[in-house]
Amino acid sequence: MKTLKQTWINLMKEIVSKKETNVVEDDYIELQGKNITFSFNNCFELSKDKQINDDFLEMQKVFFSNNENIFGHSYFNSMKTPFSDIKSPVDAIVKKMSENLYTRNAVLLFTPYGNNKLPCINSIQFLYRKNKLNMFFTARSQDIYRKFPCDVMCFSLIAKEIAEKLNLKLGYIKANIISAHIYLRDVENVNKRIENI
């Protein structure tokens with residue numbers, strides 16, 4: 001099964017190859033309804049890259065705090081869980097799964113934040129099947145070059161903590177990305193990355 005890095009490079013290649021036919025509003029290239037599957041193994045290998053690691057550190061602020069960050073928003077208060085009385089998303093999921101390891105309700109939902117802006121991520125769901133904890137996420141919109149790897153690494157931090165608290169092994173990640181896109185301003189950098197692999 002592919003790693004996050006392999007999946008990221010393949011997604012960028014596929015999107016850039018559609019440049020001539022799939023440019024939207026002279027702003028970005030898009031693939032619609034992209035489904036991908038990859039392994040939790042080596043999920044953090046991209047953090048060895050300085051630019052990605054810097055973005056990953058900022059993305060952690062988006063998910064896990066209300067601190068200012070380069071992305072200009074926070075999902076911290078928009079993550080809703082199965083238990084409204086538990087503030088920690090991880091603790092809420094752990095509680096739900098400790099009651100029924102095979103539950104289909106171990107879900108984080110992302111609600112609108114400041115000025116009713118919609119998060120790019122709609123939901124993250126955890127399923128324990130075949131002796132492994134698997135993660136599924138749906139994104140209405142995903143900047144594949146800049147945010148996709150950092151988002152996935154943040155989700156993986158959540159999954160890793162849940163797995164550790166429940167003494168589970170991690171399996172795979174499945175994603176449904178409605179608008180997988182690369183901004184035209186980033187295409188040159190994307191091509192450099194692809195060439196250097």
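This report walks through the fold, the core and the aromatic contacts of the chain shown above.

**Overall fold**

Please keep in mind that this is a predicted model. The chain contains five helices and eight strands, and their order along the sequence is α-β-β-α-β-α-β-β-β-β-α-β-α. Its radius of gyration is 17 Å, close to the 16 Å that the globule rule gives for 197 residues, so the chain is as compact as a globular protein of that length. The C-alpha trace spans about 50 × 40 × 30 Å along its principal axes. Of the 197 residues, 49% are buried. If we take the contacts between residues at least 6 apart in sequence, 66% of them join residues at least 24 apart.

**Helix 1 and its neighbours**

Helix 1 covers residues 4-17, and its 14 residues should span 20 Å at 1.5 Å a residue; the end C-alpha atoms are indeed 20 Å apart, which agrees. Its buried residues are Leu4, Thr7, Trp8, Ile9, Leu11, Met12, Ile15 and Val16. What do the buried residues of helix 1 pack against? Their partners are strand 2 (28-39), helix 2 (50-64), helix 4 (148-166), strand 8 (170-183) and helix 5 (187-195).

**The nonpolar core**

As background, nonpolar side chains tend to be buried together in soluble globular proteins. Here the largest nonpolar core has 61 residues, and the members that touch the most others are Phe63, Phe126, Ile144, Phe148 and Ile162. Helix 4 supplies the largest share of this core, with eleven residues. Leaving aside residues up to four places away in sequence, Phe63 touches Tyr75, Phe76, Met79, Phe110, Ile121, Asp151, Cys154 and Phe155.

**A buried glutamate**

Is Glu58, a residue of helix 2, buried or exposed? With a relative accessible area of 14%, Glu58 falls under the 20% cut-off and is therefore buried. Beyond residues up to four places away in sequence, Glu58 touches Glu68, Asn69, Ile70 and Phe71. The C-alpha atoms of Glu58 and Lys5 are 19 Å apart, with their positions 53 residues apart along the chain.

**Aromatic pairs and charges over rings**

The structure holds twelve aromatic pairs, and two of them are compared below.

| Pair | Centre to centre | Angle of planes | Geometry |
|---|---|---|---|
| Phe38 and Phe148 | 6.2 Å | 70 degrees | edge-to-face |
| Tyr102 and Tyr128 | 5.5 Å | 55 degrees | tilted |

Phe38 belongs to strand 2 and Phe148 to helix 4, so this pair ties together parts that are 110 residues apart in sequence. Phe38 is buried at 0% relative accessibility, and Phe148 is buried with a relative accessible area of 0%.

The tyrosine pair has another setting. Tyr102 lies in the loop between helix 3 (89-99) and strand 4 (107-110), while Tyr128 lies in strand 5 (residues 121-129), so the pair ties together parts that are 26 residues apart in sequence. Tyr102 is partly exposed at 49% relative accessibility, whereas Tyr128 is buried at 9%.

Ring pairs also link a cluster made of Phe63, Phe64, Tyr75, Phe110, Tyr113, Phe137 and Phe155. Phe63, then, appears both in this cluster and among the core members that touch the most others.

Two rings carry a charged side chain over the face. Lys95 lies over Phe83, at 4.7 Å from the ring centre, and Arg185 lies over Tyr183, at 4.4 Å from the ring centre.

Definitions and conventions. Residues are numbered from 1 along each chain as its sequence is written. This is a predicted model: local features need pLDDT of at least 70, side-chain atom pairs count only at pLDDT 80 or more; totals for chains, interfaces and linings use all residues. Side-chain values use heavy atoms; hydrogens and water are left out. Helices (H or I, at least four residues) and strands (E, at least two) are DSSP runs, numbered from the N terminus. The expected span of a helix is 1.5 Å times one less than its number of residues. Buried means under 20% relative accessible area, exposed over 50%, partly exposed in between (1.4 Å probe, protein chains only). Contact means heavy atoms within 4.5 Å. A nonpolar core is a set of buried Ala, Val, Leu, Ile, Met, Phe, Trp, Tyr and Cys residues joined through side-chain atoms within 4.5 Å. Rings of Phe, Tyr and Trp (its six-membered ring) pair if their centres lie within 6.5 Å; planes under 30 degrees apart count as stacked, over 60 as edge-to-face and the rest as tilted. A charge sits over a ring if NZ of Lys or CZ of Arg is within 6 Å of the ring centre and within 35 degrees of the ring normal. The radius of gyration is taken over C-alpha atoms; the globule rule is 2.2 Å times the number of residues to the power 0.38.
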